[in-house]
Amino acid sequence: MNTTIQEPKETILNGVNVTKLGQTIEAIKQQPEVAQFKFRARNQWEIGGKNTATVDTFYGACQEHKHRDSFVMDADEPPVLLGEDNGANPVEFILAGLSGCMTTTLAYHAASRGLKIDDISSEFEGDIDLHGLLDLDPSVRSGYREIRVKFKVKGDPDKATIEELIRKSPVYNTLAEPVMIKIEVEKV
């Protein structure tokens, strides 16, 4: 007599494998060190405002990982900021990173709560005053003074839930709360 054991069907919601997400959460509860991750980027200056960042390895789930492909991101400045416009500028990368993380966080958390999302679109805009960057006014910060985010979401979650979930984003948290940045310089 042949018996076949069927694997439980995986649940996918918002493109997220909710079954595996639940298994990941349970694994972290059982072994908290699995939750520790280290993400990395390397950068090489080329000329002027142009430089290239490469992302290819990270640590997580108690082991080293290598991305299937290295991700190479060219940064530059637009001509009005004396660059050649060969890539988004670094502060635009911040907006792109924030947009991607808030969107992913919303989709994952909504899926884990059983909330279907049909569409997410968003717009990000930030204000920077060059008086800070150029040391013209020490009272002006060199970074963003304010970032405005507008989300349009079609699906089950109500507005309050959407606002709650997007604030769980790690990039949002990194920008909204102070984070220690340790700098080491080697003169060669």
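These are my notebook entries on a helix pair and a few loop residues in a predicted model.

**Entry 1: H2 against H4**

I began with helix H2, residues 90-112, and helix H4, residues 159-166. Their axes come within 8 Å and cross at roughly 120°. That angle makes H2 oblique to H4, since the perpendicular class runs from 65 to 115 degrees. I also looked up the hand of the crossing, and H2 passes H4 in a right-handed one.

Next I listed who makes the contact. From H2 I noted Met102, Thr105, Leu106, His109 and Ala110. From H4 the partners are Ile162, Leu165 and Ile166. Sorting these residues by character gave me six nonpolar, two polar and no charged.

**Entry 2: the two sides of H4**

Which residues of H4 are buried? I found Thr161, Ile162, Leu165 and Ile166. Looking down the axis of H4, I see these buried residues fall within an arc of 120°, so they line one face of the helix. A reminder to myself on spacing: an α-helix has 3.6 residues a turn, so residues three or four places apart point the same way.

I then checked what the buried residues of H4 pack against. The partners are H2, strand S8 (146-155) and helix H5 (170-176). Ile162, Leu165 and Ile166 are thus on my list twice, as buried residues of H4 and as its contacts to H2. On the other side of H4, I noted Lys159 and Ala160 as exposed.

**Entry 3: the loop between S6 and H2**

Moving back along the chain, I went through three residues of the loop between strand S6 (63-75) and H2, starting with Leu82. Leu82 has a positive phi of about 75°, although it is not a glycine. Its relative accessible area is 78%, so I put Leu82 down as exposed.

Glu84 sits in this loop too. With a relative accessible area of 62%, Glu84 is exposed. Leaving out residues up to four places away in sequence, I find Glu84 touching Asp76 and Glu77. I also took a distance to H2: Glu84 and Leu106 are 22 residues apart in sequence, and their C-alpha atoms are 35 Å apart in space. Leu106 is one of the H2 residues in the contact with H4.

Is Asn89, in the loop between S6 and H2, buried or exposed? Its relative accessibility is 7%, so Asn89 counts as buried, the cut-off being under 20%. Setting aside neighbours within four places in sequence, I have Asn89 in contact with Asp76, Glu77, Pro78 and Leu81. Asp76 and Glu77 turn up here as well as in my note on Glu84.

**Entry 4: two more loop residues**

Asn14 lies in the loop between strand S1 (12-13) and strand S2 (16-17). I picked Asn14 for its backbone: phi is positive, about 60°, although the residue is not a glycine. Asn14 counts as partly exposed because its relative accessibility is 22%.

Last, I looked at Gln31, in the loop between helix H1 (18-30) and strand S3 (38-39). Gln31 has a relative accessibility of 36% and so counts as partly exposed. How far is the C-alpha atom of Gln31 from that of Ala61, 30 residues apart along the chain? I noted a separation of 9.6 Å.

Note on methods:
Residues are numbered from 1 along each chain as its sequence is written. This is a predicted model: local features need pLDDT of at least 70, side-chain atom pairs count only at pLDDT 80 or more; totals for chains, interfaces and linings use all residues. Side-chain values use heavy atoms; hydrogens and water are left out. Axes are lines fitted to C-alpha atoms, for helices over the stretch in contact, and angles run from 0 to 180 degrees between N-to-C directions. Helices (H or I, at least four residues) and strands (E, at least two) are DSSP runs, numbered from the N terminus. Angles under 35 degrees count as roughly parallel, over 145 as roughly antiparallel, 65 to 115 as roughly perpendicular and the rest as oblique. A crossing is left-handed if the near helix is turned anticlockwise from the far one by less than a right angle, and right-handed if clockwise. Contact means heavy atoms within 4.5 Å. Ala, Val, Leu, Ile, Met, Phe, Trp, Tyr, Cys and Pro count as nonpolar, Asp, Glu, Lys and Arg as charged, and the others, Gly among them, as polar. Buried means under 20% relative accessible area, exposed over 50%, partly exposed in between (1.4 Å probe, protein chains only). The arc is that of the directions from the helix axis to the C-beta atoms.
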